[in-house]
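Subject: The structure for you to look at

Dear colleague,

I am handing over the structure we spoke about, and below it I have written down what was found. Please keep the view open while you read, and turn to each part as it comes up.

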Amino acid sequence: MVRAISDRIVTGGMHPGEKLDEASLADRYKVSRTPVREALNRLSAMGLVERRPNRGAIVAVVSRAHLASMFESMAELEAICARFCAERMTEQERRTLEIEHRAAAELVAREAEADYELFNSDFHTRLYRGAHSPHMCELASQTRRRLAPFRRAQFRFDGRLQKSWREHDRIVQSILARDAAAAGSAARDHLTVVGAASVIFVNDDVIATNS
């Protein structure tokens with residue numbers, strides 16, 4: 001439910017200020033109101049839904065400036081995680097990272113977008129954990145959850161799977177070489193591209209300027 005509703009918001013199927021009626025959404029997705037209510041609560045925490053006292057929920061207004069700021073912060077957080085990975089990952093963690101990264105090339109070759117999305121999420125989570133910094137892992141994970149619907153939009157680009165894998169490859173090779181500076185730079189560049197790619201497919205009515 002979180003994914004279904006957030007994807008409609010990000011792609012313009014729902015507009016800023018539009019009322020989100022639990023009964024209507026439950027009927028649309030053929031579910032009870034409970035999962036809808038839980039999804040709206042999670043989307044509220046992500047900043048995509050605004051809950052108003054005694055007035056229900058509406059699609060939140062997200063400014064382009066705020067979205068750009070979030071991606072900028074995400075890029076720096078992931079750069080730090082990648083640097084720490086290059087310095088702190090165990091040999092087993094490095095081997096696993098490389099093996100799974102190589103395996104993902106097959107997903108790209110098959111253009112298995114849904115499977116690659118799952119891999120992509122696991123890949124970034126592995127970087128957060130490989131940093132061996134619980135607080136940094138928490139910060140990166142929280143920010144990623146808020147940006148998840150926007151980050152998924154990048155895969156609407158033709159050829160984006162291949163480019164994503166190559167960007168990951170720069171990060172992986174730098175980590176394996178224990179080159180912290182290169183790993184951080186590669187991760188930052190990757191998230192900068194992801195941010196730019198994600199915003200392109202967001203409807204201008206959805207990412208409106210806060211008044």
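With which side chain does the side chain of Ser164 make a polar contact? The partner is the side chain of Tyr116, and the contact is given as 2.9 Å. Please bear in mind from the start that this is a predicted model.

**The surroundings of Ser164**

Ser164 has its place in helix α8, which covers residues 160-176, whereas Tyr116 lies in helix α6, which covers residues 113-130. Because its relative accessible area is 0%, under the limit of 20%, Ser164 counts as buried. If you leave aside the neighbours within four places in sequence, Ser164 is in contact with Tyr116, Asn120, Phe155 and His190. Tyr116 is therefore a good residue to follow into the next part, since it counts as buried too, at 0% relative accessibility.

**The aromatic rings of helix α6**

A pair of aromatic rings is described by the distance of the centres and the angle of the planes. The structure holds two aromatic pairs. In one of them, Tyr116 and Phe119 are tilted towards each other, with 5.4 Å from centre to centre and 50° between the planes. These two residues both belong to helix α6 and are three residues apart, about one turn of the helix. Phe119 is buried as well, because its relative accessible area is 9%. Phe119 also forms an aromatic pair with Phe123, again tilted, with 5.8 Å between the centres and 45° between the planes. Phe119 and Phe123 are four residues apart in helix α6, which is about one turn of the helix, and both of them are buried. Taken together, the ring pairs link Tyr116, Phe119 and Phe123 into a cluster.

There is one further ring to look at, with a charged partner: Arg88 lies over the face of Phe84, at 3.8 Å from the ring centre.

**The sheet**

In what order do the strands of the open sheet stand? The sheet has three strands in the order β1-β3-β2, and their pairing is antiparallel. The edge strands are β1 (19-20) and β2, each of which pairs on one side only. Strand β2 (residues 49-52) and strand β3 (residues 56-59) pair over four bridges in the antiparallel sense, and Arg52 stands opposite Gly56 in β3. The two strands β2 and β3 form a hairpin with three residues between them, and in the turn Asn54 has a positive phi of about 60°.

**The chain as a whole**

When you step back from these details, you will find nine helices and three strands in the protein chain, and read along the sequence they follow the pattern α-β-α-α-β-β-α-α-α-α-α-α. The C-alpha atoms fill a box of roughly 55 × 35 × 30 Å, taken along the principal axes. For 211 residues, a compact globule would have a radius of gyration near 17 Å, and the 18 Å of the protein chain agrees with this. Of those 211 residues, 46% count as buried. Among the contacts with a separation of 6 or more, 75% come from residues 24 or more positions apart.

If you would like a place to begin, please start at Ser164 and its polar contact with Tyr116, and then go along helix α6 from Tyr116 to Phe119 and on to Phe123.

With best wishes

Key:
Residues are numbered from 1 along each chain as its sequence is written. This is a predicted model: local features need pLDDT of at least 70, side-chain atom pairs count only at pLDDT 80 or more; totals for chains, interfaces and linings use all residues. Side-chain values use heavy atoms; hydrogens and water are left out. Rings of Phe, Tyr and Trp (its six-membered ring) pair if their centres lie within 6.5 Å; planes under 30 degrees apart count as stacked, over 60 as edge-to-face and the rest as tilted. Buried means under 20% relative accessible area, exposed over 50%, partly exposed in between (1.4 Å probe, protein chains only). A charge sits over a ring if NZ of Lys or CZ of Arg is within 6 Å of the ring centre and within 35 degrees of the ring normal. Two strands pair if DSSP finds at least two bridges between them. A polar contact is a pair of N or O atoms within 3.5 Å; within protein, one must be able to donate a hydrogen and the other to accept it, and residues adjacent in sequence count only if both atoms are side-chain atoms. Contact means heavy atoms within 4.5 Å. The radius of gyration is taken over C-alpha atoms; the globule rule is 2.2 Å times the number of residues to the power 0.38.
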